[in-house]
Amino acid sequence: MIRQTLTPRPDWQAKVEALGLIWHEGRERPYWDESACYRFTRAQIDTIEGATGELYRLFLAAGEAVVSDPALLNRFAIPPVFHDPIREAWEAEPPALNFGRFDLGYDGLGAPKLFEFNCDTPTSLLEAAVVQWAWKEERFPALDQYNSLHEALVARWAEIAPALPATLHVAHVEDPAGEDAVTAAYLRDTAEAAGITTIPILMERIGWNHDTHCFVDEADMRIEALFKLYPWEWLVHEEFAGPLLDNLERGDLTWIEPIWKMIWSNKAILPVLWDLFPGHPNLLPTSFSVPGGDAVAKPLLSREGANVSIRKAGSIVAETAGDYGEEGYIYQSLYRLPEAAPGCFPVLGSWVVDGAPVGMGIREDGLITSNTARFVPHVIDG
């Protein structure tokens with residue numbers, strides 16, 4: 001795993017914007033960062049792909065353990081009234097993309113290690129699936145890339161399309177940077193490529209019809225299927241949590257992704273995994289209690305590295321601010337990321353669609369990967 005320094009294309013901004021990546025600037029340097037790339041051997045990619053498939057297998061077992069144990073589900077800081085809908089959705093397996101991004105630590109030599117699974121509202125999707133492929137085709141056309149993500153998404157939409165109503169609403173919040181808008185627009189593109197009619201809507205514009213007990217859009221059209229780039233843990237605490245529960249009990253709206261994703265996207269799943277598979281080569285020791293050795297403290301519901309702290313020899317050596325933590329923490333043994341360049345610590349984002357490994361994106365940051373991390377493309381040698 002080699003980090004190669006490159007000269008960015010002189011017109012790179014226009015080229016990534018033409019692909020839909022309007023959110024490409026960072027605070028100190030570009031978010032889309034083609035001033036470098038990572039080069040992997042085919043054997044290293046096989047290792048990453050194998051670890052990704054194995055981790056998905058472990059998550060299936062952990063999810064089953066959680067829905068089968070009320071005491072365990074109570075550790076997830078999920079309102080108890082939503083426990084039954086989670087169990088019912090897990091058992092029913094409603095239509096879903098069932099996609100997500102395993103964030104992994106990897107030094108090119110040992111086994112990849114799981115940090116967490118972003119599978120409810122994962123981002124960095126367009127850049128992983130489309131933008132870095134177009135970059136590779138222009139800069140390194142003779143090389144390959146671990147990337148069949150776009151094709152897998154379209155194929156999965158086509159597979160679940162017969163179980164969906166005529167129209168799919170796609171919702172996100174209005175974010176100033178445009179990251180959520182870009183991701184939602186890209187997912188609409190992949191759904192429409194599979195023959196599904198989509199309607200965009202902002203989350204705050206979704207209404208509730210008290211007479212018909214259903215969610216509606218701005219035109220008062222009933223929402224029968226909804227892809228929401230909005231976390232379930234926020235939804236269940238909104239003012240309309242009551243109507244949401246009513247809707248889930250009626251089962252007349254297809255939620256993509258389903259509410260059971262609250263289990264896998266919650267960091268409480270990490271100590272469950274370690275308890276079920278202690279010593280597994282792709283897992284890091286993790287618990288609900290403060291360990292004696294070096295560790296990373298993560299709130300159960302933290303997003304984009306917020307409120308994370310790194311603890312070495314009893315002292316905090318790095319931490320981030322944020323609004324999380326009241327829900328509780330997990331403590332994961334520290335994995336020392338390789339410093340590929342001064343201040344650049346890469347985290348691999350290995351994607352799955354319906355459980356199958358389909359590609360990878362890489363983000364660089366300091367010791368804690370946050371919302372200021374940069375996306376760096378990759379190629380495969382040989």
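Start with the salt bridges: there are 27 of them, counting a side-chain nitrogen of Lys or Arg within 4 Å of a carboxyl oxygen of Asp or Glu. Keep in mind that this is a predicted model, where local features need pLDDT of at least 70, side-chain atom pairs count only at pLDDT 80 or more, and totals for chains, interfaces and linings use all residues. Residues are numbered from 1 along each chain as its sequence is written, and side-chain values use heavy atoms, with hydrogens and water left out.

**Stop 1: three salt bridges**

Select Arg3 and Glu364. Their side chains form a salt bridge, 2.6 Å from N to O. Arg3 sits in strand S1 (residues 2–5) and Glu364 in strand S17 (residues 356–365), so this pair ties together parts 361 residues apart in sequence. Helix and strand labels follow DSSP runs, numbered from the N terminus: helices are H or I with at least four residues, strands are E with at least two. Both Arg3 and Glu364 are buried, meaning under 20% relative accessible area; exposed is over 50% and partly exposed is in between (1.4 Å probe, protein chains only).

Next, pick Arg9 and Glu138, whose closest N and O atoms are 2.9 Å apart in a salt bridge. Here the link runs from the loop between S1 and helix H1 (12–18), home of Arg9, to helix H5 (residues 125–139), home of Glu138, 129 residues apart. Arg9 counts as buried at 8% relative accessibility, while Glu138 is partly exposed at 39%.

Now go to Arg42 and Asp144, a salt bridge with its closest N and O atoms 3.1 Å apart. Arg42 belongs to helix H2 and Asp144 to the loop between H5 and helix H6 (149–160), 102 residues apart. Arg42 is partly exposed at 37%, and Asp144 is partly exposed at 27%. Before you leave, select Arg3, Arg29, Asp33, Glu364 and Arg374 together: salt bridges with shared partners join them into one network.

**Stop 2: an open sheet**

Switch to cartoon view and find the 5 strands in the order S4-S3-S16-S17-S18, an open sheet with antiparallel pairing. Which strands stand at the edges? S4 and S18 (374–376) do, each with a single partner strand, so one side of each has no neighbour in the sheet. From one strand to the next, the twist averages 35°.

Zoom in on S3 (residues 99–105) and S4, which run antiparallel and are joined by 5 bridges; strands count as paired if DSSP finds at least two bridges between them. One bridge to look for has Gly105 partnered with Lys113 in S4.

**Stop 3: strand S12**

Select residues 295–299. All 5 of the 5 residues in S12 are buried, so the strand is largely enclosed by the rest of the structure. Ala295, Ala297 and Pro299 point one way, and Val296 and Lys298 the other.

Add strand S13 (residues 309–312), which pairs antiparallel with S12 over 3 bridges; Val296 has Ile310 as its bridge partner there. Then show S15, also antiparallel to S12, with 5 bridges. Tyr331 of S15 is the bridge partner of Ala297.

**Stop 4: helix H11**

Finish at residues 269–276. In H11, 6 of the 8 residues are buried, so the helix is largely enclosed by the rest of the structure. Show Ile269, Leu270, Pro271, Val272, Leu273 and Trp274 to see the buried ones. What covers them includes helix H2 (42–67), strand S4 (113–118) and strand S15 (329–333), with contact meaning heavy atoms within 4.5 Å.

Definitions and conventions. Axes are lines fitted to C-alpha atoms, for helices over the stretch in contact, and angles run from 0 to 180 degrees between N-to-C directions.
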